[in-house]
Each structure stands twice: as structure tokens, then as C-alpha cells.
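Let's take a walk through this structure together, one piece at a time. Have the 3D view ready and follow along.

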Amino acid sequence: MNCRIYTAVCCFLCTGILNHHNGVATAGSTFSQSSRQLSCLFETTETIPSLSDFKYIRQNAWLLLSGTESKDTKRPHSENPPAANTLTFIVQESSLDILQHVDEDTDKLECKISRYFTDNTQILWPGLQTQLHKLDSWFTGTIKHLDDKFTITVFLVQSSASKEAENRIPEDVSQGNTETFYLSGVFLVRTGPSVIQSGLNKDVLLSCAFSVDHNTDVTIKWILQQKGGHKKLIFAYNGSTRQVEHKDKRAEMFLAEIPKGNASLLLKTVGVRDAGTYSCQILVSSVLWAQNIQLEIVEKPTVTLNAAVLSLVEGDEHKLVCDISHFYPHDAEAQWFQEPMQQGMLPHLVTHVVSSSHRQNSDGTYSFSSYFLLKASLRDDGRQYTCRVEHQSLKHPIKKSLTVKVTESTSATWFLVILFVVLAGCLVVMLYFLYQGMSTNKPKPY
């Protein structure tokens, strides 16, 4: 089949004036491509010894992205001077173009910068000058789309050998400061939506892309974590040996696209067993990062009634059955309603409804029935009864209706006929005797 290959060569994020909304840095409605700046929150932690716990400390920050469009990245755009207690992070001296990986709705972004702790170990990154007696300062910058269209994590480093390294970020930022820090963007991972829904037997593409500031071999793993915490390897690729570990034949990567930064995974004919959290793990020069994608299997129910038109005789009892079948996940709700005979009236909820236990089908989907016993009445002749089904796979509930036609009982009809005959006979007899009496009392002519 033909499938769309995501190589993360989209052009996103023409950044501009940004504002903070509900504690999250979000993009505003005014943008300047020349400024290429993004409002963020710098987040660090502070230990609370008395509680053996920690608290988050957040400070406003600017993230300035250098590029060919703007040579002056020494400070925020003059239209947007830094506010008090705002850190400025300038990404420079890097072949990694962050803007290339942000594509749409630049007014719906949130940004966070955090420290990346290396356990007091110097990461020897190719092309990065370091001092053996000083550790480089590593950070991660995360840019998310507020509508969950994509998530980007970029590794930023302040080299201990750079002249700007003398300006170190203080451990305690609770008092705030307005310092400027010069960083290099060296490694980036981008995934699409964090939650994907799919029906049964569909092909699903889990989008994952990466970018590195130098040519190197990468190791990629896709790990599936299912309910209960069980983890299993789906696919693995070793860039240095070109070896592939293929654990599920229905899953494949685009090996020819990996050098271009495409680490996406294609799942074919997915089933219930494929639901879970997929982790795209990428290892580059001893730096490992993973981003998760939740795959939810959602199958719409099929709803059927045991009749479209139900013909009953007054006094009969009949079961009205609504079958809800082959849906996933487990939760589904069915209700019966008695429709009004007159327009403008609301339907009446049927309360004496019974539901069967859920049955699991061979494909992992579920089925059950909802029914109630209807005693036929002439006032229900022509009335509709509706089964209404709700499930998370449905934008709108499914409604199925049947019409009840009720006729009079045969025994009642014969009773009325016999009663009429008896009454008619009695009337005839009464008229006969009345006539005889009148004839007897009539005076004779002689």
C-alpha cells in the first residue's frame, strides 16, 4: 500500500510576540520572522530537606533561535524588550535548525526549558569544545502544540570552553535575574500527536523524526508498553552495524529514510492487542531521548433491533431486543425510549430495561444486548420505541427505532359478537311475546 512518509522537513514556527497563559508559555497573535523568538518558562527544582521532597521553580525566559533570516541574535527584538526577571537563551553556532521542525499554528505553542542532568559526567559531543575540569551545561527545550499536533524536544548545551560559559545559570533562580546565555542546539526529536485513535484492521503511522548537528549513526528502538506494565520490543535499528531487530512482522520502519531523520513506525492491520504506549527511543553519541505516543483502538458498535415493525395483539407480551456488537473499548451505554405520539413532546425513558453481560468476541471486541418486555396496548398502536447507544468512538449516539402495531384481541371480538347475537335474540323474543300479549287482549267482534 502507499503510505505517507514523514521526514520532518516541514517549515514551522515563525516566532514573534508571545504571552504567558495559565502558567504556560503560549504564543501570541503577533509574529516577527526576523526576531525568531519564543517565550518560554525555565523550570528547575529546589529540594526541601525537611520534607524530603522538592518543589518546582519557574521563571520567564526567552528562547532566541538564530538562523539565516536574522544575524542579530544578541538580544530580543527591540519591539519586545525583556521583562524583569526574564532569562534569555540564545541558540547559536549550530547547524541544527529548530524552526525547520515546527510547521503550523504558531499562535498555539507552549515552551519549557529544563536542565538535563548528566550525573556529573562529561558528554563528549562531536564538534563541541569542552574543558575536562568543567562540565558542560545541558538543557532540554520542549515545544508543544496546544492542540497536540506535535511535540519537539531539543537538546541545548552551553560549552564549558566557550567564552560565554563564564555567565553561568545560577542554581537558585527563585529570586529571578535577567541574564543572557548562549547555547548550541545539537539534537532534536519530534513526534506527532501524543494520542492516536484507530479502528480495527487499519494501518497506523506513528510519526517520529530526529535531527542532529553532525553526521553520525543513530540507534532507534520502538518499545510498546501495554496495560499492566508489560513492555516489549517492536523494532530496533542499529546505525553503526546496520542491524535490524524485527519483533513484529506487521511493524516496519523506513530504513532508507533513517539517514534523512525519519524514525517513524508503520503498524499494519492493527488489532486490540496493539493498543498501548509506543516509545520512540533515539540514541545519539551517548545521549538518549524517548517520546511517547499513545495508540488507542476504538471500534464503532453495530446496533440492530429484533424487528423494524412489530405486530402485536392487545394483551400480548413481547421482548424488544437491541443488540450492540463488535465495539471497543468495553464501555458502551444503551437506553430505550418510548417516543411520543404527539409532536413537541419529549420521549419517555423506559426504566424496566435489562442488559446482558458483555461477551468478548474472537477479535477482542465486545457485544451485549439491551431489552425489555412490552405488554401490547391499543394506545401504543403506531408508537415507536428507540434504542439509543453511546460509545467513545461515536461523535453522535446511534439511534435505531421500531414501530409497534397493536390490534384487538380475537377472543374479545368473538365475545362482542356473541353478546350482540344474544341481545338481539332476547330482543326478538321480547317483541314476540309482546305481540302475542297484544293479540290476546284484543276484543272479539262477536
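Let's begin with a pair of strands. Keep in mind that what you're looking at is a predicted model. Find strand β13, which covers residues 219–225, and strand β18, which covers residues 276–284. The two run antiparallel and are joined by seven bridges. If you'd like a landmark, look for Trp-222, which sits opposite Cys-280 in β18.

Now zoom out a little. That pair belongs to an open sheet of six strands, and if you step across it you meet them in the order β10-β19-β18-β13-β14-β15. The pairing here is mixed. In general, strands of a sheet pair through backbone hydrogen bonds, and they can do so parallel or antiparallel. At the edges you'll find β10 (195–198) and β15 (243–246), each of which pairs on one side only. From one strand to the next, the twist averages 20 degrees.

There's another sheet to visit, an open one made of three strands in the order β11-β17-β16, with antiparallel pairing. Its edges are β11 (204–206) and β16 (251–253); each has a single partner strand, so one side of each has no neighbour in the sheet. Ignoring direction, neighbouring strands in this sheet are turned by 25 degrees against each other on average. Three bridges link β11 to β17, which spans residues 265–267. Here Leu-205 has Leu-266 in β17 as its bridge partner.

Next, head over to strand β6, residues 109–115. Five of its seven residues are buried, so the strand is largely enclosed by the rest of the structure. β6 also has an antiparallel partner, β7 (residues 137–145), and seven bridges join the two. To spot where they meet, look for Arg-115, which stands opposite Phe-139 in β7.

Finally, a few backbone details are worth a stop. In the loop between β18 and β19 (287–297) you'll come across Ser-285. This residue has a positive phi of about 45 degrees, although it isn't a glycine. With a relative accessibility of 22%, Ser-285 counts as partly exposed. His-326 also has a positive phi without being a glycine, with a value near 55 degrees. You'll find His-326 in strand β22, and its relative accessible area of 39% makes it partly exposed. Move on to the loop between β22 (317–327) and β23 (333–338), and there is Pro-329. The peptide bond leading from Tyr-328 to Pro-329 is cis, with omega near 5 degrees.

Terms used. Residues are numbered from 1 along each chain as its sequence is written. This is a predicted model: local features need pLDDT of at least 70, side-chain atom pairs count only at pLDDT 80 or more; totals for chains, interfaces and linings use all residues. Side-chain values use heavy atoms; hydrogens and water are left out. Two strands pair if DSSP finds at least two bridges between them. Helices (H or I, at least four residues) and strands (E, at least two) are DSSP runs, numbered from the N terminus. Axes are lines fitted to C-alpha atoms, for helices over the stretch in contact, and angles run from 0 to 180 degrees between N-to-C directions. Buried means under 20% relative accessible area, exposed over 50%, partly exposed in between (1.4 Å probe, protein chains only).
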